[in-house]
Structures are given as structure tokens and as C-alpha cells.
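User: I am new to this structure and would love a close look at one part of it. Could you walk me through the sheet, step by step?

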Amino acid sequence: MPDAVAHRFQIGDRVKVREAYPIGHVRTPYYVRGKRGVIERVCGAFPNPEELAYAREGRPAQPLYRVRFLQRELWTDYAGQPVDVVEVEIYQHWLEAEGPQP
Amino acid sequence: MSHDQDHDHAHVHRFPPRPDQDDTLTYYRAMETAVRELLIDKGVITADDVRRQVEDMDGRNAGRGAKMVARAWLDLAYKQRMLANGSKAAEEIGLDVGPLKLVVVENTSSVHNVIVCTLCSCYPRMLLGLPPDWYKSRNYRSRMVREPRAVLAEFGTVIPPDVAIRVHDSTADMRYLVVPKRPTGTENWSEAELARLVTRDSMIGVALANEV
């Protein structure tokens with residue numbers, strides 16, 4: 001088994017967070033599930049916390065990204081400025097490739 | 001019983017002892033005590049090791065982060081290395097951050113950064129010390145990603161509409177430090193003088209650096 005899963009995404013890639021609600025220890029916040037964003041940076045690969053939480057090894061390690069979301073993508077009634085963003089760390093197995101902006 | 005002893009006794013009752021806040025033996029508290037005592041009994045660690053770690057943790061404070069920020073204000077090349085790799089930049093000036101993966105973000109005339117951990121309370125303790133209670137509150141954690149401008153205003157930090165708010169949710173393995181904007185009127189200041197303007201809250205992003 002390889003030590004780490006290969007990276008699928010690069011800086012600037014458009015991604016969508018899986019809209020899934022598994023039970024257990026998950027480090028993908030509810031408010032970004034199903035939302036679209038852009039890869040801000042690649043952080044490296046880390047043992048999967050969903051496995052670590054149950055005393056397993058978390059291998060192979062999962063690539064971790066920082067994903068930038070427009071606030072208006074996350075909250076349709078966002079009251080701040082259109083340029084405001086949230087950046088969240090998300091593991092690769094929670095991300096799907098998203099086509100170019102229509 | 002002498003008169004003096006009567007007096008002392010009455011005096012004590014005017015200020016009844018307040019119960020300790022940690023006097024309830026919860027499940028996890030009992031487990032921590034059991035594991036710690038076992039490790040000490042078996043010679044894996046000593047009670048002094050535990051005490052020393054607690055002392056070290058309590059001794060960490062925002063002065064470490066402030067030193068990095070002041071250096072970055074003075075040395076553009078250092079700032080660029082810090083933005084590229086925060087952990088290495090901390091080690092470069094002798095700050096041991098352990099396995100911490102540090103991401104440093106910079107406030108500018110067009111972007112204001114602020115840090116939150118919506119899932120728990122991840123915080124760069126190695127550089128800022130123990131987190132303030134409000135950082136761990138549900139109020140801060142849930143609202144900072146939802147209405148950051150309103151929350152910042154409650155801290156007394158009003159961000160102009162033409163400055164973008166960039167909220168960093170510390171959900172996984174990274175920890176964050178904000179480099180606030182350098183206050184005006186600090187030309188020719190030394191690193192130590194500048195560091196005194198860099199508060200804990202300004203490095204979380206809920207405040208600006210102190211003005212001169």
C-alpha cells in the first residue's frame with residue numbers, strides 16, 4: 001500500500017465538496033458540503049482523521065487542500081461584501097472535480 | 001476559647017471558601033488521573049515531567065507570535081519566507097513549534113484575515129499561548145464564518161466595505177497566524193519596540209495592531 005494517495009487537484013482547480021453525511025469523526029464542516037470552491041493551496045498529505053479517531057493508522061495518507069469559498073456560495077443571504085471568502089482545509093476524498101464556471 | 005480565636009473564626013466565615021471548579025470527578029477526568037498515575041507508577045514518566053509540561057504550556061504567550069510579526073514588518077525577505085512556510089520561518093528565529101504546520105496570512109489594504117476553528121478550537125498555542133475562552137465559544141465559532149463583519153464589529157473592529165474579509169477555518173492539520181498591518185508612525189522602530197504593538201487578538205485577526 002502506498003504511503004499517500006496521489007494528488008488529484010492543483011492550485012486554481014474548481015472543486016465541489018461531496019454532499020455526504022457519514023456518521024463518525026469527520027473534519028469537513030456541514031456548511032461547506034455540496035458547495036463549490038477553488039483550490040487555494042495544496043497542504044501535503046496527512047493520515048485520514050476519520051480513521052485516526054478510531055485508533056487506526058489512517059494510511060495511506062490523504063492529500064489535504066485549502067479550498068476558498070465565496071461567502072455568497074455558502075450563505076445565499078450573506079450580508080457582507082461579495083468579495084468576502086472563507087477558506088477551509090478539506091481532504092481529497094471529500095472533493096470532486098467541478099467544471100468551469102458557466 | 002480565647003477572644004482572638006473567636007474573632008478569627010468569625011472572620012473566616014465572612015469569606016466562605018469558594019469551591020474549586022475542578023472538584024467534579026467526571027468520566028474523562030477520572031480516566032486522565034488513572035492513566036497519569038499508571039504511567040508514573042510504571043516509571044514511563046514522572047510527576048515532575050507532567051508538572052514541567054504544564055508549566056511550559058502556561059509559559060507560552062503571544063510574545064512568540066509578536067516576535068515573528070515584528071521581524072516580518074522589518075524584513076521583507078523574511079516575511080516572504082514566512083508566508084511561504086510559517087513553520088520554517090518560526091524555527092529560523094529560534095521558535096520551536098514542534099510538529100505544528102503553520103500557515104501565515106497577511107493583512108493588507110485590500111484583505112483582512114481572521115482565524116476560527118468551527119469544529120473545535122484549533123489554535124497556534126506554540127506561538128500565542130492558551131486560547132481565550134471566547135475563541136472556544138459556540139457563539140464565536142458559529143458566527144465568524146456566517147457574519148464575520150458583524151462579529152468583528154462587536155470586537156470594535158470595523159472593516160471598510162472595500163476590504164475583503166478572508167475567514168480561515170482551521171479544520172484539519174494547519175494552524176494559522178495573522179500578520180496585522182504595521183501601524184503608521186513606526187518608521188525606524190526596533191523589532192522589540194514593534195513587537196509590543198502586536199497583540200494576541202491582532203494575530204487572531206479580531207483586532208488591528210495597537211496604534212502608536
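User: To start, in which sense do β2(A) and strand β3 (residues 62-70) of chain A pair, and over how many bridges?

Analyst: Happy to help, and please keep in mind that this is a predicted model. The two strands you ask about, β2(A) and β3(A), run antiparallel, and seven bridges join them. One pair to look for is A:A45, which stands opposite A:P63 in β3(A).

Now for the sheet as a whole. In general, the strands of a sheet pair through backbone hydrogen bonds, in either a parallel or an antiparallel way. Here seven strands form an open sheet, and the order is β5(A)-β1(A)-β2(A)-β3(A)-β4(A)-β3(B)-β2(B), with mixed pairing. At the edges are β5 of chain A and β2 (111-116) of chain B, each of which pairs on one side only. On average, neighbouring strands of this sheet are turned by 35° against each other, direction ignored.

Let us follow the strands from the chain A end. Strand β5 (residues 95-97) of chain A pairs with β1(A) in the antiparallel sense, over three bridges. Within that pairing, A:V15 has A:A97 of β5(A) as its bridge partner. On the other side, β1(A) meets strand β2 (residues 36-46) of chain A, again antiparallel and over three bridges. There you can find A:R14 opposite A:V38 in β2(A).

Strand β1 (residues 14-17) of chain A is also a good place to look at side chains, which alternate along it. A:V15 and A:V17 point to one face and are buried, whereas A:R14 and A:K16 point to the other face and are not buried. So two of the residues you have just met can be placed: A:V15, the partner of A:A97, is on the buried face, while A:R14, opposite A:V38, points the other way.

Next comes the place where the sheet passes from one chain to the other. Strand β4 (residues 85-91) of chain A pairs with β3(B) in the parallel sense, and four bridges link them. A:V86 stands opposite B:V167 in β3(B).

This crossing belongs to the contact between the chains, which takes 19 residues from chain A and 18 residues from chain B. On the side of chain B that touches chain A, the elements giving two or more residues are α9 (148-154) and β3 (164-169) of chain B. The largest share of that side, six residues, comes from β3(B). Sorted by class, the side of chain B that touches chain A holds nine nonpolar, three polar and six charged residues.

To place the sheet in its surroundings, let us also look at chain B. Its domain assignment gives domain 1 (21-59) and domain 2 (61-204), and the C-alpha centres of these two domains of chain B lie 31 Å apart.

Two helices of chain B make a nice contrast. Helix α3 (residues 47-59) of chain B is hardly covered, as the count of buried residues among its 13 residues is zero. For helix α4 (residues 63-74) of chain B, nine of the 12 residues are buried, so α4(B) is largely enclosed by the rest of the structure. Among the buried residues of α4(B) are B:M68, B:V69 and B:W73. The buried residues of α4(B) pack against several elements of chain B, including α5 (76-84), α6 (86-92) and β4 (174-179).

Technical notes. Residues numbered from 1 in each chain as written. Chains lettered and ligands numbered in written order. Predicted model: local features only at pLDDT ≥ 70, side-chain atom pairs only at ≥ 80, totals over all residues. Buried ≥ 20, exposed ≤ 12 C-beta atoms within 10 Å, placed from the backbone. Pairing = 2+ DSSP bridges. Axes fitted to C-alpha atoms, helices over the stretch in contact; angles between N-to-C directions. Contact = placed C-beta atoms within 7 Å. Domains from an automatic or database assignment. Nonpolar A, V, L, I, M, F, W, Y, C, P; charged D, E, K, R; others polar.
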